[in-house]
Structures are given as structure tokens and as C-alpha cells.
Amino acid sequence: MPQLAAHQLIGANFSFQHFPLDEVARTIRGEIELWGIAQHLDLFHATDARVESVRRILADNELSAWCFTPEQVLYPINIASGDAALRQDSIERFCRAADICAALGARCLFLTPGRGYESQSRQPAWDRAVDAIGEIARHAAANEVRCLLEPLQRFESNLVNDAAGLRQMLDEVGAENIDVVLDTVAMATAGDTVAGYVDLFGSRLAHVHLVDGTPGGHLVWGDGTLPLGHYVSELARLGYAGKFTFEPFGNGSYALDPVKAWTRCLGAIAPYLNCATVPA
């Protein structure tokens, strides 16, 4: 059975939002996708002092940031907004996020496409997203930071919901420092495949959110019906060399005991990795 390397699996603070960051840092080992949630590092309170505090917490626990993922679906941040002031503020906060990446030593800044008004034509919002992502990517490049762009489910965005739309967005933005994310729930709900992502993006497929669903849900491995083992084996067979992590949001119950949720995911992935040692 094809296997991914254990070092490709990184930690994440998803579902740890009700715990102090220093406790999370003592739980996760190696590299982390740092979700920019309030109490950890959100964009509305990310002063230089706060960023430095987070950097020290990570360093003291021998933890490095692979990417910084500001909350951008639930928070009032929308780079494609038809409200000019809100959109400009969102762009500025993401440029600040690129600065934060540099300060933390994070390789990547995680982006999503935003959304337009449901009652209006899609094209103007699409154009706003293209312009905004391009501006953010240029600022990130000046910090020697790469961007990661992820499609969203339809209830989260009306702009990029599948691999084909992601390919179009990537082409129109035209920034060389943007790679893409495969989220297994978004992939399944869109009817896409692992092979399709690899065909469309090749080495620019750099990050995977490995989550179960029915097909939606962002569940712990085994709580849904998605063939996650098949997805992992397919990624390995096709030579995937990027990172992957778990994103167990569920209905909020995982956040009551995130260590248990994380441990269950680690147990499920272990047979599909080529080393018995995986990040705790």
C-alpha cells in the first residue's frame, strides 16, 4: 500500500480554541498550521507584542509554524465584499497577516476567496477576489512568504467551490507564490478527486486538510463516510510531497476534548504512514 511520510503530517490548533495557546503548544509537536482564532492569534488583536508572545510560545516548545491561517469565514473579513470599506480593511488585515508569517517564520499564509452578495451577479465579486488575492500575494512575496488558496463549500462562498474554479482563479491572479489546498470535505462535496487535483495543480498542490464528512461536516476520521484511507493512498501513489493535517470542527463537541479528537485522527492515519512515529 502506498504510504505518505510521517514528516508530512503536521499539527494544528483546530478545535483547541477554548484552551490557552501555551497548553496547545505543549500538546502539538513539530510543525503546526496555526489557526488565527481569538485567544490564540486573531487579526483584530495581533499587535507586535502579541505576535512576539506567540513566537516565544512556539519556540519554547520547539514548535515551528508551517502556515498561518487567519479566521476568514466566520469573522467579518471578506476580500471579495461589495462593501468597499470592509473589503479594503480585509485586504489590509491579510497584508498584516503576511507580516505576521514573516515574524513567526511561517512559510505560508492561508487564503480563501471570500464571497459576493447572493442577490447580485457573481462576476464583480470574482473580479474583486482576483484583485485582492493578487495584492495580498504581492505583499506576501515581499516577505518571502508563499500563499495557500483553498476552495470552499457553497454555503461558505459563492466564488470558488471546486478544483476547476480554483484553477481559473489561480490562472487569473497569475502570482507565482500561490499554491493550493485540497480539503477532502470540499473535494467530496464538489465531486472532485485526488487525481483531478494532482492533474490540475501538480507540485503546486502543497497542503491537504484531511477530514471526514457525510460528505460535509469536518469530522474526526471515522465519524463520517469518506474513504480517507483511499485518499491518503492515492496521494502517496501520485507522489504528493506537501504537508497535511486534520481540521476537526464538527458541531463544536470536538472542542470540548480536542486531545481526544486529535488522538483518534492520529490512530487512524498511522497505518497509512511509512513511519510509526507521528507528531503527538
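A pocket is here an open set of grid points at which a 1.4 Å probe fits, with protein on both sides within 12 Å along at least five of seven lines. In this predicted model, the largest pocket encloses about 490 Å³ of space. Its lining comprises 25 residues, and those closest to the pocket centre are E71, V73, E156, E247 and F249. Classified by residue type, the lining of the largest pocket consists of 11 nonpolar, nine polar and five charged residues.

The second largest pocket has a volume of about 210 Å³. A total of 17 residues line this second pocket, with S203, L205, A206, A241 and G242 lying nearest its centre. The class composition of the lining of the second largest pocket is eight nonpolar, five polar and four charged residues.

The surroundings of a single residue, Q17, were also examined. Q17 is located in the loop that runs between β1 (11-12) and α1 (21-27). The relative accessible area of Q17 is 17%; because buried status requires a value under 20%, Q17 is classed as buried. Within the same loop environment, a polar atom of the Q17 side chain lies 3.3 Å from the backbone nitrogen of S15. When residues up to four places away in sequence are not counted, Q17 touches W35, I37, A38, Q39, H40 and A255.

Notes: Residues numbered from 1 in each chain as written. Predicted model: local features only at pLDDT ≥ 70, side-chain atom pairs only at ≥ 80, totals over all residues. Heavy atoms only, no water. 1 Å grid on protein atoms, 1.4 Å probe; cavity = no way out; pocket = protein on both sides within 12 Å on 5 of 7 lines; lining within 4 Å. Points joined across faces, edges and corners; volume = space filled by probe spheres on them. Nonpolar A, V, L, I, M, F, W, Y, C, P; charged D, E, K, R; others polar. Helix = DSSP H or I, 4+ residues; strand = E, 2+ residues; numbered from the N terminus. Buried < 20%, exposed > 50% of the residue type's maximum accessible area, 1.4 Å probe, protein only. Polar contact = N/O pair within 3.5 Å; in protein donor to acceptor, adjacent residues only side chain to side chain. Contact = heavy atoms within 4.5 Å.
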